[in-house]
Amino acid sequence: MGKDYDIKDIKLAPAGERKIAWVRDHMPLLRALEEKYADLPKREKPLAGVRLSLSIHMEAKTAYLCRVLTWAGAQVSAMGCNVLSTQDDVAAALVRGRTASQNNRDHGGRAAPGVGVFAIHGESEASYSKHVEMCLAHRPNIVIDDGGDLVGMLHSKRPDLAVDVWGGGEETTTGVIRLKALEAAGKLNFPMVAVNDARCKHLFDNRYGTGQSVWDSILRNTNLIVASKTVVIAGYGWCGRGIAMRAAALGAQVIITEIDYVKAMEARMDGYAVMTMEQAAALGDLFITATGCKDVITPAHMALMKDGAILGNAGHFNVEIDMAGLNQKAKDRYLTKDNIETYVLPRGKHINIIAEGRLLNIAAADGHPAEIMDISFAVQFYAALYVKQNHLTLENRVYDVSKEIDDIVSRARVAAWGDEIDHLTPAQEKYLKSWEL
Ligand SMILES: NC(=O)c1ccc[n+]([C@@H]2O[C@H](COP(=O)([O-])OP(=O)(O)OC[C@H]3O[C@@H](n4cnc5c(N)ncnc54)[C@H](O)[C@@H]3O)[C@@H](O)[C@H]2O)c1
């Protein structure tokens, strides 16, 4: 068991262990890494002796990644990256670890050491912030971040904990934007790999992962029909495209709002209506933000909406729907259903907010499908290896994931499906590289 941790209740571990066993069965790329590294002698493990701090939604897929990193030799300290996405039973299972004697289906009967976890579902911002410091207290060599909270702490309040950091990987669009801002200001103190920008990450995770899990959350929390409804999606980036694609497949009329003319063109050519949020406000039954921007839906928009409109956010931070403004304006609010709060506006209109405006697919569901996180986390794993192997020559910059890593991960995923692809003949290769006909 890890030396230090702060979780809700260690007795919840058995339920969390079952969740980890389930996702493991559906994460072939991570499972291959487990099988490759877990039984090696300690000195041969690729991350032997590496101290690693990780902040990603503390649920089963993340827990399994933590175990794989541990089996590869790393000393892992972990936390969630959102106070509502932490699953206390999974945190407990990760802290407790498991012995080899437990039910064979769990990790092929393999023992898993405990990991120090600092995460409690629904904790206060102050407790979350304390956990960021605790998670970094073992002075990591590598940080794996989702949204930039670890890196933010290492650049603001606790730069003293960054002394041993070689670098790390960032999981999401919003975190990469923050890193690039730090880099542009000349303030990035160690190299970071933009895992989000790997082709094997955003093409699948942001599009198909968010596309499916956002609807999983809306369906399970509202229990309403999507066909016949008008769905307004703010942002037509990787996430917005996926959410729109699945909304249309469920029979919704889809409206897109954008600030980028090219994305607006793409949305229209994909068959959706495009307009401003002010225009869309009166038309929508359901609104989903996926922009990475703030104040995308404000109380002024809500005043134009239909009575009973339902709002949710899929972007990383809970700033896309102006919840502070809504709390100020509303004359009443009450919990209507698990994860759905109803706000009563001054003129009596009701606005329903899913998961307090936090990213609804993780805060009020189980997040992306396991097969999707398997791909993203395989990229994350190889990015950590890359940092370990290359940190002496890396500069304090934001690095793209190498083509080699994308190739390793995509080849493994295609093989796991049992698919094969064609390979260029030497003549084809020559043709594709030449300028002559
Ligand atoms: N919920 C999840 O599981 C999940 C998964 C991946 C990414 N994310 C997060 O979702 C957000 C979007 O990620 P992405 O990969 O789609 O980013 P992206 O950059 O591909 O797309 C964002 C889009 O929003 C548009 N936009 C920005 N401000 C806007 C505004 N005020 N109104 C309308 N449109 C606006 C941009 O023009 C862009 O097209 C980020 O915060 C990211 O971290 C969430």
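**Exercise 1. The ligand and its polar partners**

Task: Find how far an oxygen atom of the ligand is from an N or O atom in the side chain of T174, and then look for further contacts of this kind.

Solution. Step 1: in this predicted model, the side chain of T174 has an N or O atom 2.5 Å from an oxygen atom of the ligand. Step 2: move to T173, where a side-chain N or O atom is 2.7 Å from a ligand oxygen. Step 3: turn to W238, which offers a polar backbone atom at 3.1 Å from an oxygen of the ligand. Step 4: check how covered the ligand is. Taken alone it exposes 860 Å², and the protein buries 88% of that.

**Exercise 2. The shell around the ligand**

Task: Work out which elements give two or more residues to the shell around the ligand, and where the ligand lies with respect to domain 1 and domain 2.

Solution. Step 1: list the elements with two or more shell residues; they are helix 7 (173-184), helix 8 (199-222), helix 9 (238-249) and helix 14 (360-363). Step 2: pick out helix 8, which supplies the largest share, three residues. Step 3: sort the shell by character, which gives ten nonpolar, 14 polar and four charged residues. Step 4: note that T172, T173, T174, E258 and A314 come nearest among the 28 residues around the ligand. Step 5: bring in the domains. Because domain 1 (10-201 + 369-417) and domain 2 (207-363) both contribute to the shell, the ligand lies between them.

**Exercise 3. A sheet of seven strands**

Task: Trace the open sheet of seven strands and say which strands are at its edges.

Solution. Step 1: read the order, 3-2-1-4-5-6-15, in which the pairing is parallel. Step 2: look at the ends. Strand 3 (116-117) and strand 15 (398-400) are the edge strands, and each pairs on one side only. Step 3: zoom in on one pair. Strand 1 (residues 51-55) runs parallel to strand 2 (residues 75-79), with five bridges between them. Step 4: find a facing pair of residues here; S53 is opposite S77 in strand 2.

As a reminder, strands of a sheet pair through backbone hydrogen bonds, either parallel or antiparallel.

**Exercise 4. A sheet of eight strands**

Task: Follow the open sheet of eight strands and explain why one side of strand 9 and one side of strand 12 are left without a neighbour in the sheet.

Solution. Step 1: the order is 9-8-7-10-11-14-13-12, and the pairing is mixed. Step 2: strand 9 (273-274) and strand 12 stand at the edges with a single partner strand each, so one side of each has no neighbour in the sheet. Step 3: look at the parallel part. Strand 10 (residues 286-289) and strand 11 (residues 309-313) are joined by four bridges, and T289 is opposite N313 in strand 11. Step 4: continue to strand 14, which runs parallel to strand 11 and is joined to it by three bridges. Here A309 faces I351 in strand 14.

**Exercise 5. Strand 13 and its two partners**

Task: Describe how strand 13 pairs with strand 12 and with strand 14, and decide whether its residues are buried or exposed.

Solution. Step 1: strand 12 (residues 332-337) pairs with strand 13 in the antiparallel sense over five bridges, and Y334 stands opposite T342. Step 2: this hairpin has two residues between its strands, and N339 takes a positive phi near 70 degrees. Step 3: on the other pairing, strand 13 and strand 14 (residues 350-354) are also antiparallel, over five bridges. T342 appears again, now opposite N352. Step 4: the hairpin of strand 13 and strand 14 has five residues between the strands, and G348 in the turn has a positive phi of about 95 degrees. Step 5: check burial. Five of the five residues of strand 13 (residues 340-344) are buried, so the strand is largely enclosed by the rest of the structure. Step 6: take the faces in turn; I340, T342 and V344 are buried on one side, and E341 and Y343 on the other.

**Exercise 6. Two residues compared**

Task: For N223 and for E34, decide whether the residue is buried or exposed.

Solution. Step 1: locate N223 in the loop between helix 8 and strand 7 (230-234). Step 2: N223 has a relative accessible area of 63%, and exposed means over 50%, so N223 is exposed. Step 3: locate E34 in helix 2 (residues 28-37). Step 4: the relative accessibility of E34 is 0%, so E34 counts as buried.

Notes
Residues numbered from 1 in each chain as written. Predicted model: local features only at pLDDT ≥ 70, side-chain atom pairs only at ≥ 80, totals over all residues. Heavy atoms only, no water. Near = heavy atom within 4 Å. Polar contact = N/O pair within 3.5 Å; in protein donor to acceptor, adjacent residues only side chain to side chain. Areas by Shrake-Rupley, 256 points an atom, 1.4 Å probe, with all protein chains shown as cover. Nonpolar A, V, L, I, M, F, W, Y, C, P; charged D, E, K, R; others polar. Domains from an automatic or database assignment. Pairing = 2+ DSSP bridges. Buried < 20%, exposed > 50% of the residue type's maximum accessible area, 1.4 Å probe, protein only.
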